[in-house]
Amino acid sequence: MDASLLRAIAPAVIGVLVRRGADFATAEDAVQDALVEALRVWPDDPPRDPKGWLVAVAWRRFLDAARADSSRRQREALVEEQPAPGPGAAADDTLQLYFLCAHPSLTPASAVALTLRAVGGLTTRQIAQAYLVPEATMAQRISRAKRTVAGVRFDRPGDVATVLRVLYLVFNEGYSGDVDLAAEAIRLTRQLATATRHEEVAGLLALMLLHHARRPARTRADGSLVPLAEQDRSLWDTRMIAEGVEVLQAALARDRLGEFQAQAAIAALHADAHCADETDWVQIVEWYDELVRITGSPVARLNRAVALGEADGPRAGLAALAELDPALPRFTAASAYLHERAGDLASAARLYAEAARSAPNLPERDHLTRQAARINAQLRG
Amino acid sequence: MAKYLLLKHYRGAPASINDVPMDQWSPEEVSAHIKYMRDFAARLETTGEFVDGQALSPEGTFVRYDGEGRPPVTDGPFPETKDLIAGWMVIDVETYERALELAGELSAAPGAGGKPIHEWLELRPFLTEPPTITE
């Protein structure tokens with residue numbers, strides 16, 4: 001019995017219950033119960049029709065719940081409304097579920113939690129562990145999120161961009177626990193890509209694949225960070241890179257560029273270089289220009305300045321950096337790097353130490369402290 | 001078992017014996033220090049004494065209520081003299097002596113020249129739940 005197969009069916013089962021007249025919040029709870037039941041029963045007694053089994057069990061759970069907290073008349077009306085189970089529009093249901101869980105009325109943290117539970121089929125405990133909060137806190141976050149979207153019509157199409165932002169957050173800001181959130185984000189984005197032909201969905205999927213492919217090279221055994229230029233590229237997952245590039249090319253061919261496609265294009269250019277020296281920085285700067293044009297994001301400008309430092313030399317990079325707000329995250333680290341490339345070691349050491357103090361996480365702080373220590377040791381001779 | 005909070009300070013604790021800023025160490029010394037800290041926490045997990053540990057950013061702000069309908073008042077960043085916590089570890093141990101022993105071990109983390117930092121750590125007992133039997 002494969003838990004990921006089970007979780008892949010979950011959104012469609014919620015969809016069936018909702019189309020039968022269940023409210024989303026109760027349907028979602030019922031499907032969670034059914035998933036837990038399936039994990040218990042299926043190993044010894046696998047069903048012939050897993051989805052049919054889940055629908056039957058979840059629907060029974062839903063009726064039990066409805067019986068518990070609603071009047072007899074409502075319940076009977078529901079049972080009578082129940083349409084015959086049929087082949088149903090599973091892809092549409094799944095897509096609607098993504099929209100609902102990423103609804104603009106939800107805060108990003110709530111949308112992330114709800115997406116992982118309802119679309120991803122993860123348990124509240126797994127989500128709580130992944131985000132390092134107590135299970136009761138996560139349970140509250142999810143039930144509040146469900147109340148927030150209680151009045152939202154399930155059949156109304158939503159904005160793909162909001163869904164992509166949620167999936168990007170899951171991929172980029174997942175922490176720890178026994179669930180690999182990056183892999184889960186890829187699974188959910190892949191599933192979304194089969195439900196809609198939106199170019200940016202493909203762009204985000206490509207971006208995730210291209211970054212995930214480099215993961216084995218990104219940290220050493222002791223947990224320390226390895227900068228891109230120093231990574232052992234033989235550790236990169238070439239099959240995943242090939243898939244990412246293929247997905248990206250198909251998206252770019254449709255000629256509707258968006259921020260995720262542009263970011264994926266940059267990742268693809270990095271993936272394409274056999275060693276750091278072979279990196280096509282000129283093209284990377286061009287893609288950052290596109291990204292800045294699309295998003296106007298100061299973070300994109302910062303990255304562009306660093307790329308420009310590689311393409312046209314560190315002085316050009318520093319000049320581009322000088323036009324940006326020094327309060328930007330990682331501004332000081334970028335400045336330290338460019339100063340070192342420009343040969344100004346004293347400034348670089350001072351800036352690395354300063355960047356370490358404002359680092360947003362421990363691995364980055366440790367990395368920047370090591371950089372400062374390395375240059376100071378060089379300066380001492 | 002009793003829970004203790006081990007506090008590490010950026011500022012405000014008495015100066016360590018081996019008091020050299022980290023960016024003046026060699027890169028190998030930095031790595032050795034980080035490894036020591038990680039191994040220490042990992043070992044406490046295996047002995048069943050580790051509860052939680054977090055590092056804090058040096059950026060911080062004082063905040064207070066400023067009356068109905070007004071936004072909270074903020075103050076900071078703190079003056080150089082202000083006590084500034086760098087991080088904490090919560091341990092759950094049999095005795096006060098064991099807590100002292102562990103704090104001492106943590107304070108012996110290697111610094112410049114590979115020698116122990118002798119950093120001052122603050123050890124604070126948790127207030128406990130009241131016992132069921134009181135007489």
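Which strands of chain B does helix 2 (residues 96-107) lie across, and at about what angle does this helix run to strand 5? In this predicted model, helix 2 of chain B crosses strand 1, strand 5 (84-93) and strand 6, and its direction makes an angle of about 140 degrees with strand 5.

These strands belong to an open sheet of 4 strands in chain B, arranged in the order 2-5-1-6 with antiparallel pairing. Strand 2 (50-55) and strand 6 (122-125) of chain B form the edges, each pairing on one side only. From one strand to the next, the twist averages 20 degrees. Strand 1 (residues 2-11) and strand 6 of chain B run antiparallel and are joined by 4 bridges; B:L7 stands opposite B:E122 of strand 6.

Chain A offers a helical example. Helix 3 of chain A comprises 20 residues (residues 50-69), and at 1.5 Å a residue it should therefore span 28 Å; the C-alpha atoms at its ends are 29 Å apart, in agreement with that expectation. Its buried residues are A:W53, A:L54, A:V55, A:V57, A:A58, A:W59, A:R61 and A:F62. The buried residues of this helix pack against helix 1 (3-19) and helix 2 (24-41) of chain A.

The two chains also meet, in a contact that takes 15 residues from chain A and 14 residues from chain B. On the chain A side, the elements giving two or more residues are helix 19 (345-357) and helix 20 (362-380). Helix 20 of chain A provides the largest share, 9 residues. By class, this side of chain A has 6 nonpolar, 4 polar and 5 charged residues.

Methods
Residues are numbered from 1 along each chain as its sequence is written. Chains are lettered from A and ligands numbered from 1 in the order in which they are written. This is a predicted model: local features need pLDDT of at least 70, side-chain atom pairs count only at pLDDT 80 or more; totals for chains, interfaces and linings use all residues. The expected span of a helix is 1.5 Å times one less than its number of residues. A residue is buried if 20 or more other C-beta atoms lie within 10 Å of its own, exposed if 12 or fewer, and partly exposed in between; C-beta atoms are placed from the backbone. Two residues are in contact if their C-beta atoms, placed from the backbone, lie within 7 Å. Two strands pair if DSSP finds at least two bridges between them. Axes are lines fitted to C-alpha atoms, for helices over the stretch in contact, and angles run from 0 to 180 degrees between N-to-C directions. Ala, Val, Leu, Ile, Met, Phe, Trp, Tyr, Cys and Pro count as nonpolar, Asp, Glu, Lys and Arg as charged, and the others, Gly among them, as polar.
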